[in-house]
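Q: I'd like to learn how to read a sheet and the residues in it. Could you walk me through one?

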Amino acid sequence: MYVYDATPNNIRKMVIMNALDRIDYEIIRLLRNNARLSNKELAEQVGLAPSTCLVRTRLLQQSGVITGFKAEVNPAKLGVGLQALISVRLKRHYKPDVEAFRQHALELPEVVRFYHVAGPIDFLVHVWTKDSEHLRHLAMTAFTSREEVSHIETELIFEHVSCRELPTFVGEM
């Protein structure tokens with residue numbers, strides 16, 4: 001439910017209330033499938049006037065529900081010959097070590113996704129490299145050489161597919 005100042009184009013005074021409704025979830029679903037939809041197309045598909053749809057979309061952005069719009073790329077067309085997931089276990093789960101490794105990994109140009117996880121490993125790092133030699137060099141110089149790193153394991157990625165649909169439980173009312 002939304003409450004907002006009824007004056008035209010006064011989006012800054014809008015306040016988002018607790019729950020998203022069915023139309024909000026439909027906007028999110030449609031934009032996850034195609035972030036290039038025009039506002040007019042989006043409004044038609046959710047059954048709203050374009051101005052109302054634009055207001056809702058901006059509210060979803062301002063409230064942090066929608067955090068950005070991205071272009072998906074084909075890594076091979078960019079010269080990426082190999083993708084891998086590197087599992088990293090730290091010697092100890094000590095906050096300064098965790099933060100130091102996190103900062104280091106996020107500065108590496110090969111890192112495309114970074115996950116801090118629970119379980120037997122501490123981090124899962126998705127990297128793009130030119131080839132196996134590049135991956136080997138990255139593992140040896142950027143990961144195993146770190147004082148806080150205890151162990152790494154590298155898994156090669158043969159295929160990567162992003163699911164665009166929201167899980168079925170999201171938006172259940």
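A: Happy to, and keep in mind that this is a predicted model. Let's start with a single residue: Ser-150 sits in strand E6, which covers residues 149-157.

Q: Which residues does Ser-150 touch, not counting those up to four places away in sequence?

A: Contacts like these show what chain separation hides. Ser-150 touches Arg-89, Leu-90 and Lys-91. Take Arg-89: 61 residues separate it from Ser-150 in sequence, yet their C-alpha atoms are 5.6 Å apart.

Q: Is Ser-150 buried, exposed or partly exposed?

A: Look at relative accessible area, where partly exposed lies between 20% and 50%. Ser-150 has 43%, so it counts as partly exposed.

Q: What is the strand order in the sheet?

A: Read across the strands, not along the chain. Here an open sheet of four strands runs E4-E5-E3-E6, with antiparallel pairing. E4 (111-116) and E6 are the edge strands, each pairing on one side only. From one strand to the next, the twist averages 20°.

Q: How many bridges join E3 to E5?

A: Seven bridges link E3 (residues 82-90) to E5, and the two run antiparallel. For one pair, follow Val-88 across to Phe-123 in E5.

Q: Which helix packs on the sheet?

A: Helix H4 (residues 95-106) does, touching E3, E4, E5 and E6; its direction makes about 165° with that of E4.

Q: Is Thr-129 buried or exposed?

A: Thr-129, in strand E5 (residues 123-129), is at 3% relative accessibility, so it counts as buried. A polar atom of its side chain lies 3.4 Å from the backbone oxygen of Asp-131. Beyond four places in sequence, Thr-129 contacts residues including Val-80, Glu-110 and His-134.

How values were computed
Residues are numbered from 1 along each chain as its sequence is written. This is a predicted model: local features need pLDDT of at least 70, side-chain atom pairs count only at pLDDT 80 or more; totals for chains, interfaces and linings use all residues. Side-chain values use heavy atoms; hydrogens and water are left out. Buried means under 20% relative accessible area, exposed over 50%, partly exposed in between (1.4 Å probe, protein chains only). A polar contact is a pair of N or O atoms within 3.5 Å; within protein, one must be able to donate a hydrogen and the other to accept it, and residues adjacent in sequence count only if both atoms are side-chain atoms. Contact means heavy atoms within 4.5 Å. Two strands pair if DSSP finds at least two bridges between them. Axes are lines fitted to C-alpha atoms, for helices over the stretch in contact, and angles run from 0 to 180 degrees between N-to-C directions.
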